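Please explain how this protein is arranged, from single residues up to the overall dimensions. Give the cut-offs behind each term as it comes up.

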Amino acid sequence: MKNPILRAQHYLDQAETMQRLACDETDPVSREALLDLAKSYTRLAARFLQIGKDTSEREH
């Protein structure tokens with residue numbers, strides 16, 4: 001997956017999955033770990049969105 005926008009969408013999807021899992025998790029430590037993963041995926045998505053934006057601006 002080379003397209004940064006597609007990668008960003010993938011990471012946003014993963015963040016959503018981790019958040020859903022965290023909602024169902026009863027163990028507080030596991031819930032926090034899942035929420036931390038969701039935050040990491042969200043940061044990755046933001047990074048790839050910026051890369052996509054930068055690439056798009058250079059092409060125009």
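Glutamine 14 is partly exposed, because its relative accessible area is 25% and the class runs between buried, under 20%, and exposed, over 50% (1.4 Å probe, protein chains only). Glutamine 14 belongs to helix α1, where helices (H or I, at least four residues) and strands (E, at least two) are DSSP runs numbered from the N terminus. From its C-alpha to that of leucine 49 the distance is 15 Å, with the two positions 35 residues apart in sequence. The model is predicted, so local features need pLDDT of at least 70 and side-chain atom pairs pLDDT 80 or more, while totals for chains, interfaces and linings use all residues. Residues are numbered from 1 along each chain as its sequence is written, and side-chain values use heavy atoms, with hydrogens and water left out.

The protein has two helices and zero strands. Helix α1 covers residues 4–24, and the buried residues of helix α2 pack against it. Those buried residues are Leu34, Ala38, Ala45, Phe48 and Gly52. Helix α2 takes in residues 28–59, 32 residues in number; at 1.5 Å a residue it should span 46 Å, and the 47 Å between its end C-alpha atoms agrees with this. The expected span is 1.5 Å times one less than the number of residues.

How many salt bridges does the protein have? The count is one, where a salt bridge is a side-chain nitrogen of Lys or Arg within 4 Å of a carboxyl oxygen of Asp or Glu. It joins the side chains of arginine 20 and glutamate 16, at 3.7 Å from N to O. Both residues are in helix α1, four residues apart, which is about one turn of the helix. Arginine 20 is partly exposed because its relative accessible area is 48%, and glutamate 16 is partly exposed as well, at 45%.

Further along the chain, aspartate 24 also lies in helix α1. Aspartate 24 counts as exposed because its relative accessibility is 64%. Its C-alpha atom is 32 Å from that of asparagine 3, and the two are 21 residues apart along the chain. Lysine 53, in helix α2, and isoleucine 5 are 48 residues apart in sequence, yet their C-alpha atoms are 8.5 Å apart. Lysine 53 is partly exposed, with a relative accessible area of 46%.

Isoleucine 5 also takes part in a nonpolar surface patch of about 230 Å², together with Leu12 and Leu49. Patches are made of residues with over 30% relative accessible area and no salt bridge; like charges are joined within 9 Å, and nonpolar side chains (Val, Leu, Ile, Met, Phe, Trp, Tyr) within 5 Å. Leucine 12 is in helix α1 and is partly exposed, at 34% relative accessibility.

For the protein as a whole, the C-alpha trace spans about 50 × 15 × 15 Å along its principal axes. The radius of gyration is 14 Å, whereas a compact globule of 60 residues would have one near 10 Å; the radius is taken over C-alpha atoms, and the globule rule is 2.2 Å times the number of residues to the power 0.38. Of the 60 residues, 18% count as buried. The exposed area is about 4,600 Å², of which carbon and sulfur atoms supply 55%, as computed by the Shrake-Rupley method with a 1.4 Å probe; for residues, only the protein chains shown count as cover. Among contacts (heavy atoms within 4.5 Å) with a separation of 6 or more, 55% are between residues 24 or more positions apart.
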